[in-house]
Amino acid sequence: MSADAAVEAAARLLDRARHAVALTGAGVSTESGLPDFRSPGGLWAGVDPMAVASLSAFQRAPQAFYDFYRRRLALLRDARPNPAHLALARLEAAGRLQAVITQNVDGLHQAAGSRRVLELHGSLHRAACATCGARRPIAELEAALDRGALPVCPACGGLLRPDVVLFEELLPADVYAEAEALCRRADVLLVVGSSLQVTPAASLPEVTLEAGGRLIIVNQEPTPLDHAALVLRGRAGTILPPLADRLLAAT
Ligand code: APR
């Protein structure tokens, strides 16, 4: 199928959908200057995720943990929504997308105008106290790190950490349950920029399939679910705007 025919087919699927939902991964934010994880040059290139982004790392090697997140937070400062984020926000505003379920912690869907965003892995825009659970502005964590100090909770003195789900941690149960319900009800799930390697997020497309829904996958590289999807191979920032244009022109 030609790329244009695939976009046309995707627009038709979405046009007939009554409960379309998007599921995004780091690939939707690479055109905003944020590296993904598993592409060449991604965040896991030459880095052991368990040594910098796991609960054990936070507890046993906090300096390596904080160094890793400090670099990610610095990249976030200049990141702005790209045309892929904006296209998804347009589809939601036009009533063609119920929600965006994201594995990303960069807040760019909200910055693009998406209103119903489920953050499966938390957010780098918030800090949380590892002891009392208090939420704090991420700026407090960054300011402490900039001073060369460990970030501590003003309420209880515990260590502050980014409010993201680390390896060895469970996803927020309420958010995942809502995401699963949306995927079960979805007649079309639009998967954008994810390698679909990390569960439980990677299990969500199968929830849609098992309930009789269809998958559209927009991704630069193959994924394990391509065989069960309408695949649009390429960059999300190139594919989603014309897809949204076709769909909204049909409105
Ligand atoms: N357009 C389309 N696809 C892209 C683009 C782009 N501009 N840039 C990258 N991709 C694709 C890559 O080819 C890759 O298949 O996006 C996918 C990103 O996959 P990962 O790097 O594995 O990111 P993700 O699927 O979000 O990872 C899931 O793993 O480490 C954990 O917590 C981390 O949330 C993350 C989770």
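Which residues in H4 meet which residues in H7? In this predicted model, where local features need pLDDT of at least 70, side-chain atom pairs count only at pLDDT 80 or more, and totals for chains, interfaces and linings use all residues, Tyr66, Arg70, Leu73 and Arg77 in H4 meet Ile138, Leu141, Glu142, Leu145 and Asp146 in H7, contact being heavy atoms within 4.5 Å. Residues are numbered from 1 along each chain as its sequence is written, and side-chain values use heavy atoms, with hydrogens and water left out. By class, this contact of H4 with H7 has 5 nonpolar, no polar and 4 charged residues.

Helices H4 (residues 62-77) and H7 (residues 138-146), being DSSP runs of H or I with at least four residues, pack at an angle of about 120 degrees, their axes 11 Å apart. H4 is therefore oblique to H7, a term for angles outside the ranges under 35 degrees (roughly parallel), over 145 (roughly antiparallel) and 65 to 115 (roughly perpendicular).

The largest nonpolar core, a set of buried (under 20% relative accessible area, 1.4 Å probe, protein chains only) Ala, Val, Leu, Ile, Met, Phe, Trp, Tyr and Cys residues joined through side-chain atoms within 4.5 Å, has 30 residues, of which Ile216, Val218, Leu232, Leu240 and Leu243 touch the most other members. Among the elements that give this core two or more residues are helix H5 (83-93), strand S8 (214-219) and helix H10 (236-249), while the largest share, 7 residues, comes from H1. Neighbours within four places in sequence left aside, Leu240 is in contact with Ala84, Ala87, Leu88, Leu190, Val192 and Val218. A second, separate core of 25 residues includes Leu43, Phe58, Phe65 and Leu166.

Key. Axes fitted to C-alpha atoms, helices over the stretch in contact; angles between N-to-C directions. Nonpolar A, V, L, I, M, F, W, Y, C, P; charged D, E, K, R; others polar. Buried < 20%, exposed > 50% of the residue type's maximum accessible area, 1.4 Å probe, protein only.
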